[in-house]
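Me: I would like to learn how to read sheets, helix packing and aromatic pairs in a model. Please take them in turn.

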Amino acid sequence: MLKGRLGLDSAKVPHGDRAGLLYLARGALTARDGTLAFQRGSAEGPDALAQGDHAIPLQGVSMILLGPGSTVSHDALRLLAHARTALAAVGEDGVRLYTAPPLIPDRSGLARLQARLWADDDMRIMIARRMYALRLGEVLPHRTLDVLRGIEGARVKESYKITAERFGVPWRGRRYDRADPLAADLPNQALNHAASAVEAAAAIAVSATATVPQLGFIHEDPGQSFVLDIADLWRETVTLPCAFRAAKRAAERPDMPVERIARRLTGETLAKEQVIPAMIDRIKTLIEEGP
């Protein structure tokens with residue numbers, strides 16, 4: 001007997017055949033007739049769905065991003081688990097990742113490959129050099145992380161300066177106190193917020209690929225080391241432009257908090273440029289290409 005809209009109740013559609021991510025906000029995600037339904041409230045901003053009652057292709061997506069103003073029923077969670085479709089609670093436009101249950105992919109291949117590459121010193125350096133090449137536009141010949149980090153640090157300082165000049169924002173260097181972030185000037189505050197938003201996008205991509213967030217190839221100590229590795233790949237193209245654009249706008253509109261401006265600008269960029277799907281593809285490419 002056929003149940004639901006996607007075929008047999010026991011069917012498991014491979015993630016390679018699914019559409020990817022679906023963002024839902026301001027509504028109720030429930031179960032109905034063996035599949036999912038989303039009762040959408042009033043529309044706001046760039047939300048994907050209009051007001052109304054929508055059928056959700058349970059096995060047609062790999063991950064549902066549940067945004068602000070939403071609820072999810074127990075039956076919906078049960079169906080998601082059965083279909084191996086992940087659910088993540090996120091901020092507006094995916095600029096925060098609050099929680100996500102472990103994704104149960106069809107295979108553990110990516111995670112096993114990542115662990116193997118990470119555990120081999122030569123392979124780990126190879127992946128790190130590949131990441132730096134993606135950012136810097138050239139393959140660096142050096143084979144130690146400390147040297148690579150030093151070169152990257154100098155390039156990043158220059159990127160800050162160039163991007164600040166491009167947007168006409170005064171720049172005195174990267175300075176902020178983690179214990180008192182509000183003491184930083186507007187550009188540094190904006191950088192903090194834009195970086196957090198891009199890191200959230202990277203965390204969603206890492207969750208969606210079921211890779212191991214602790215096993216970074218460049219970052220080592222943080223529990224989200226691999227997330228930071230991936231976020232850094234979009235520093236020059238997303239984080240810096242969004243941050244300095246936000247700093248300029250905040251200087252012109254002192255009545256608007258720089259955090260909200262930076263988060264909204266970054267969120268719009270993430271959606272417009274399809275950054276999270278690009279991060280997912282990049283993770284797969286980096287790990288599956290191997291040596």
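Reply: What follows goes through sheets, then helix packing, then aromatic pairs. Keep in mind that this is a predicted model.

Me: How do I read a sheet in general?

Reply: Strands of a sheet pair through backbone hydrogen bonds, and the pairing is either parallel or antiparallel. The strand order then tells you who sits beside whom.

Me: In the sheet that contains strand 4, what is the strand order?

Reply: The order is 4-3-2-6, in an open sheet of four strands with mixed pairing. Strand 4 (52–56) and strand 6 (71–72) are the edges, each pairing on one side only.

Me: Do take me through that order. How many bridges join strand 3 to strand 4, and are the two parallel or antiparallel?

Reply: Five bridges join strand 3 (residues 35–40) to strand 4, in the antiparallel sense. To fix the register, start from R40, whose bridge partner in strand 4 is G52. Moving along the order, strand 2 and strand 3 are also paired in the antiparallel sense, over six bridges. Here A31 has L36 of strand 3 as its bridge partner.

Me: What lies between strand 2 and strand 3 in their hairpin?

Reply: Two residues lie between the strands of that hairpin, and D33 takes a positive phi near 55°.

Me: Where does the mixed pairing come from?

Reply: Look at the other side of strand 2. Strand 2 and strand 6 run parallel and are joined by two bridges. A28 has T71 in strand 6 as its bridge partner.

Me: Which helix lies across strand 2, strand 3 and strand 6?

Reply: Helix 1 (residues 74–83) does, and it runs at about 65° to strand 2 (27–32).

Me: What is the order of the sheet that contains strand 7?

Reply: That sheet has the order 1-5-7-8; it is open, has four strands and shows mixed pairing. Its edge strands are strand 1 (21–24) and strand 8 (97–99), each of which pairs on one side only. From one strand to the next, the twist averages 35°. Strand 7 (residues 86–90) and strand 8 run antiparallel and are joined by two bridges. V90 stands opposite L97 of strand 8.

Me: Next, helices. What describes a packed pair?

Reply: Two packed helices are described by the angle between their axes and by the distance between the axes. After that, check the handedness of the crossing and the residues that make the contact.

Me: At what angle do helix 2 and helix 9 pack?

Reply: Helix 2 (residues 109–119) packs on helix 9 (residues 275–289) at an angle of about 60°, with the axes 9 Å apart. That angle makes helix 2 oblique to helix 9. The crossing of helix 2 past helix 9 is left-handed. Helix 2 contributes L110, L113, Q114 and L117 to the contact, and helix 9 contributes K284, I287 and E288. Sorted by class, the residues of this contact are four nonpolar, one polar and two charged.

Me: How do helix 7 and helix 8 pack?

Reply: The angle between helix 7 (residues 235–252) and helix 8 (residues 258–272) is about 140°, and their axes are 9 Å apart. Helix 7 and helix 8 are therefore oblique to each other; roughly antiparallel would need an angle over 145 degrees. Helix 7 passes helix 8 in a right-handed crossing. From helix 7, V238, C242, R245, A246, R249 and A250 meet V258, I261, A262, L265, T266, T269 and L270 of helix 8. This contact has nine nonpolar, two polar and two charged residues.

Me: Within what distance do the axes of helix 5 and helix 6 come?

Reply: The axes of helix 5 and helix 6 (residues 225–232) come within 8 Å and cross at roughly 120°. Helix 5 passes helix 6 in a right-handed crossing. V198, E199, A202, A203 and V206 of helix 5 meet F226, V227, L228, I230 and A231 of helix 6. The class count is nine nonpolar, no polar and one charged.

Me: Last, how is an aromatic pair described?

Reply: A pair of aromatic rings is described by the distance of the centres and the angle of the planes.

Me: How many aromatic pairs does a search of the whole structure find?

Reply: The search finds three. One of them is the tilted pair of Y160 and W171, at 5.3 Å centre to centre and 50° between the planes. Y160 lies in helix 4 (residues 145–167) and W171 in the loop between helix 4 and helix 5 (186–209), so the pair ties together parts that are 11 residues apart in sequence.

Methods. Residues are numbered from 1 along each chain as its sequence is written. This is a predicted model: local features need pLDDT of at least 70, side-chain atom pairs count only at pLDDT 80 or more; totals for chains, interfaces and linings use all residues. Side-chain values use heavy atoms; hydrogens and water are left out. Two strands pair if DSSP finds at least two bridges between them. Axes are lines fitted to C-alpha atoms, for helices over the stretch in contact, and angles run from 0 to 180 degrees between N-to-C directions. Angles under 35 degrees count as roughly parallel, over 145 as roughly antiparallel, 65 to 115 as roughly perpendicular and the rest as oblique. A crossing is left-handed if the near helix is turned anticlockwise from the far one by less than a right angle, and right-handed if clockwise. Contact means heavy atoms within 4.5 Å. Ala, Val, Leu, Ile, Met, Phe, Trp, Tyr, Cys and Pro count as nonpolar, Asp, Glu, Lys and Arg as charged, and the others, Gly among them, as polar. Rings of Phe, Tyr and Trp (its six-membered ring) pair if their centres lie within 6.5 Å; planes under 30 degrees apart count as stacked, over 60 as edge-to-face and the rest as tilted.
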